[in-house]
Amino acid sequence: MANELKNARAGLKTRLETISALKRVYDYAPETVSEDPAAVIMLDGTDNKRLVGGSTFTADFRVTVYVHAGRVSEAMTDLDDMASPLGAKSLEAAVDADPTWDSKVDYGILLRTERQRRLEAPGGQDYFAQDWIFRATVKVTT
């Protein structure tokens, strides 16, 4: 399953990189977030189902978008635009445009968008942040 997870993460990163409003998309937890808005992709959990002739698994990825808190109204507007189901800044629209995530998964979808909050990002900066939970489904044949 290691390659399938790696591929799914890479496919999600590719989809998110189509959003020009995101300055950087990290497919790992960085030591510091130096550009903003920036998205960080982390594995949130997996579920495996064994079937005759193979298996199917789902992987949930938590995407956290950080926007520097020094520009409060801009930060909130950016996060609202990214949480919208449509538009050039929408995470959901970017992922829905190719539900195979660059042919890396059988099907990928946004499960939910979670609350906006103020927090300290990696590196100690104060940011506004919001989470999106995406699910990838991959069929593995034996």
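# Terms and values in one chain

Mentor: Ser103 is found in the loop between H3 and E4. This is a predicted model in which local features need pLDDT of at least 70 and side-chain atom pairs count only at pLDDT 80 or more, while totals for chains, interfaces and linings use all residues. Residues are numbered from 1 along each chain as its sequence is written, and side-chain values use heavy atoms, with hydrogens and water left out. Labels such as H3 and E4 come from DSSP runs numbered from the N terminus, helices (H or I) having at least four residues and strands (E) at least two.

Trainee: Why is Ser103 called exposed?

Mentor: Exposed means over 50% relative accessible area, buried means under 20%, and partly exposed is in between (1.4 Å probe, protein chains only). Ser103 has 66%, so it is exposed. Asp102 is found in the loop between H3 and E4 as well, but at 39% it counts as partly exposed.

Trainee: What is noted about phi at Asp102?

Mentor: Asp102 has a positive phi of about 65 degrees although it is not a glycine. Ser103 also has a positive phi of about 65 degrees, and it is not a glycine either.

Trainee: What makes Asp44 and Arg62 a salt bridge?

Mentor: The term requires a side-chain nitrogen of Lys or Arg within 4 Å of a carboxyl oxygen of Asp or Glu. The N to O distance here is 3.2 Å, so the pair qualifies. Asp44 is in strand E2 (residues 38–51) and Arg62 in strand E3 (residues 54–68), 18 residues apart, so the bridge links distant parts of the chain. In general, side chains of opposite charge can pair when their charged atoms come close.

Trainee: Which other residue forms a salt bridge with Arg62?

Mentor: Glu114 does, with the closest N and O atoms 2.6 Å apart. Glu114 lies in strand E4 (residues 107–120), so this pair ties together parts that are 52 residues apart in sequence.

Trainee: Are these three residues buried or exposed?

Mentor: Neither label fits, because the values fall in between: 39% for Asp44, 21% for Arg62 and 24% for Glu114. Each of the three is partly exposed.

Trainee: How many salt bridges does the structure hold?

Mentor: It holds eleven. One of them joins Asp126 and Arg118, with the closest N and O atoms 2.9 Å apart. Salt bridges that share partners join Asp44, Arg62, Arg112, Glu114, Arg117 and Asp131 into one network.

Trainee: What makes a nonpolar core?

Mentor: It is a set of buried Ala, Val, Leu, Ile, Met, Phe, Trp, Tyr and Cys residues joined through side-chain atoms within 4.5 Å. The largest one has 31 residues, of which Leu16, Val63 and Val65 touch the most other members. At least two residues each come from helix H1 (2–16), E2, E3, helix H2 (72–83), helix H3 (91–96) and strand E5 (126–141). E3 gives the most, six residues. A second, separate core has eight residues, including Val33, Tyr66, Leu119 and Ala129.

Trainee: How do you know that Ala38 is buried?

Mentor: Its relative accessible area is 0%, so it falls below the limit for buried. Contact means heavy atoms within 4.5 Å. Not counting residues up to four places away in sequence, Ala38 touches Leu22, Arg24, Tyr26, Val33, Thr64, Val65 and Tyr66.

Trainee: Why is Asp60 called buried?

Mentor: Its relative accessible area is 14%, so it too meets the term. Asp60 is found in strand E3, and its side chain makes a polar contact with the side chain of Arg135 at 2.6 Å. That term means a pair of N or O atoms within 3.5 Å; within protein, one must be able to donate a hydrogen and the other to accept it, and residues adjacent in sequence count only if both atoms are side-chain atoms.

Trainee: How do you know that the span of H2 agrees with expectation?

Mentor: The expected span is 1.5 Å times one less than the number of residues. For the twelve residues of H2 that gives 16 Å, and the end C-alpha atoms are 16 Å apart, so the two agree.

Trainee: Which residues of H2 are buried?

Mentor: They are Ala75, Asp78, Leu79 and Met82. They cover an arc of only 95 degrees around the axis, so they are on the same side of H2. The arc is that of the directions from the helix axis to the C-beta atoms.
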